[in-house]
Amino acid sequence: MRLLVLGGTAFLGRAVARTAHAAGHDVTCLARGESGGAVDGVRFVTGDRDRPDGLSAVDGETFDAVFDVTLRPSHARHAAAALAGRVGHYSFVSTCNVYPDDATPGQRADTAKLHDPAPPEVDNPRDGQMEMYGPCKVSCENAIRDGIGADRVFILRAGLIVGPEDRSDRFPYWVARMRRGGEVLAPGSPNDSVSFVDVDDLADWVLLAGRTGLVGAFDGMGPAMPRSRFLTELRDALAPPGTTLTWVDQEFLVEQDVRPWSGERALPLWLPLPEYAGFMTRDVTRSVEAGLPARPIADTALRTAHWMESTPQDVKAGGLAERDEAFVLREWHTRSA
Ligand SMILES: NC(=O)c1ccc[n+]([C@@H]2O[C@H](COP(=O)([O-])OP(=O)(O)OC[C@H]3O[C@@H](n4cnc5c(N)ncnc54)[C@H](OP(=O)(O)O)[C@@H]3O)[C@@H](O)[C@H]2O)c1
């Protein structure tokens, strides 16, 4: 297969390029080269998609499949115009942030309501408008479907993507925390749901979609699991013997200014309930039936730990600091005594 990766210099794009190259496909990556390098062995061409002619480096070429991660509607419009009629299949990575309802569990990609598209004057959510991220991805989805043709377009709405080269402070927080061992603060209740998707599982699925012509909109996230399973399997894969989990109520964490999801004082993969009860509990049956794989948590944990330990300079610090976690645990034990 001749594959064009629009991106390919960061996390998911690199995983798709690496997986495709390893499987013997002919891979071209097009990007500016600002986020990083392309994987060894693939063809890399320079292009700046902020310019309407940003894809001119591949003018006149045909591709069996395209893979695109942009969040800017103008990028999607230009790519659809430039590539229409020259591509067999187009995978576009969108996000579960296209759904406005974060509270209702069990929603499905084929029936859930979407945000309205972004207004025309909004083109880059990273310009201080991250609340426009979901609407911009809706606009991108529409532009690619309209320009390429719905019968060729696979929309993959990713949930939390985890694995090697994840430069966020989310899943890597838990990997580092389990490696340290001791008494681990486990947020909320053991039965709260958690869901995520391994970057290499998504890459495998994208290639399968390209080869088989899978089209339509699907959620790209694994089935929900209880947080107790997530943390126990991570601990068993990564932590020194004797590591324990102490479950601390959401209300107490809020009182102690422990914050959800990511950033300073955050416990990643923890979100306030019931406001976010739908965010990590989507019904992904269609995605699993359409071939989305899910490798064991231990596999994701060990590959991520290996990446973090071999390139520590690329790992983003964040989350609840060691001394703050110890303080909250002491207060919790005092309160519970
Ligand atoms: N991480 C998550 O948990 C998560 C969750 C849901 C959805 N997603 C979605 O998943 C995707 C992740 O993609 P990713 O990890 O491969 O990439 P990414 O970190 O979003 O990087 C964007 C890619 O696009 C390229 N790019 C950006 N601006 C460009 C421009 N003006 N011209 C040409 N290329 C440009 C970058 O390369 P250069 O900078 O080198 O040009 C880079 O390769 C995104 O669509 C994101 O919205 C992520």
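Mentor: Helices (H or I, at least four residues) and strands (E, at least two) are DSSP runs, numbered from the N terminus. This is a predicted model, where local features need pLDDT of at least 70, side-chain atom pairs count only at pLDDT 80 or more, and totals for chains, interfaces and linings use all residues. Residues are numbered from 1 along each chain as its sequence is written, and side-chain values use heavy atoms, with hydrogens and water left out.

Trainee: Okay, loops first. Where is the place of Pro274?

Mentor: Pro274 is joined to Leu273 by a cis peptide bond, with omega at about 10°. As a rule, most peptide bonds are trans. Pro274 itself sits in the loop between β15 (266–267) and α8 (285–289).

Trainee: What relative accessible area does Asp257 have?

Mentor: Asp257 is in the loop between α7 (250–255) and β14 (259–260), and its phi is positive, near 60°, without it being a glycine. Most residues other than glycine have a negative phi. On the accessibility scale, buried means under 20% relative accessible area, exposed over 50%, and partly exposed in between (1.4 Å probe, protein chains only). Asp257 counts as partly exposed because its value is 36%.

Trainee: And Arg265, is that buried or exposed?

Mentor: Arg265 has a positive phi too, about 60°, although it isn't a glycine. Its place is the loop between β14 and β15. With a relative accessible area of 18%, Arg265 is buried.

Trainee: Which residue has a backbone oxygen 2.7 Å from a polar atom of the side chain of Thr243?

Mentor: Thr243 is in the loop between α6 (227–238) and β13 (244–248), and at 7% relative accessibility it counts as buried. A polar contact is a pair of N or O atoms within 3.5 Å; within protein, one must be able to donate a hydrogen and the other to accept it, and residues adjacent in sequence count only if both atoms are side-chain atoms. At 2.7 Å from the Thr243 side chain, the partner is the backbone oxygen of Pro240.

Trainee: Now the annotation. How far apart are the end C-alpha atoms of residues 4–211?

Mentor: That range comes from UniProt, where an unreviewed entry places the feature "domain: NAD-dependent epimerase/dehydratase". UniProt positions are given in the numbering used here, feature names are shortened, and annotations may be inferred rather than shown by experiment. The chain there is 30% helix and 22% strand, and the end C-alpha atoms are separated by 13 Å.

Trainee: What span should the 14 residues of helix α5 have?

Mentor: The expected span of a helix is 1.5 Å times one less than its number of residues. The end C-alpha atoms of α5 (residues 199–212) are 20 Å apart, which agrees with the expected 20 Å.

Trainee: How many of the residues of α5 are buried?

Mentor: The buried residues include Val199, Leu202, Trp205 and Leu207. The helix is largely enclosed by the rest of the structure, because the buried count out of 14 is ten.

Trainee: Which residue caps the N-terminal end of α5?

Mentor: Look for a side-chain oxygen that lies 2.7 Å from the backbone nitrogen of Asp200. That oxygen belongs to Asp198.

Trainee: On to the cysteines. How many disulfides does the structure hold?

Mentor: A disulfide is a pair of cysteine sulfur atoms within 2.5 Å. The number of disulfides here is zero.

Trainee: How far away is the nearest cysteine sulfur to Cys29?

Mentor: Cys29 is in no disulfide, and the nearest cysteine sulfur is that of Cys140. The distance is 19 Å.

Trainee: Why is there no bond between the sulfur of Cys140 and the closest cysteine sulfur?

Mentor: Cys140 counts as buried, at 0% relative accessibility. Its closest cysteine sulfur, in Cys136, is too far for a bond because the distance is 6.6 Å.

Trainee: Last topic, the ligand. How many residues surround it?

Mentor: A residue is near a molecule or strand if one of its heavy atoms lies within 4 Å of it. The closest are Gly13, Ser35, Val69, Tyr133 and Lys137. α1 (11–22), β5 (87–95) and α3 (133–148) each supply at least two residues of the shell. The total surrounding the ligand is 28.

Trainee: How much of the ligand's accessible area does the protein cover?

Mentor: An oxygen atom of the ligand is 2.7 Å from an N or O atom in the side chain of Thr9, and one is 2.5 Å from an N or O atom in the side chain of Ser35. Of the 910 Å² of accessible area that the ligand has on its own, the protein covers 85%.

Key
Areas by Shrake-Rupley, 256 points an atom, 1.4 Å probe, with all protein chains shown as cover.
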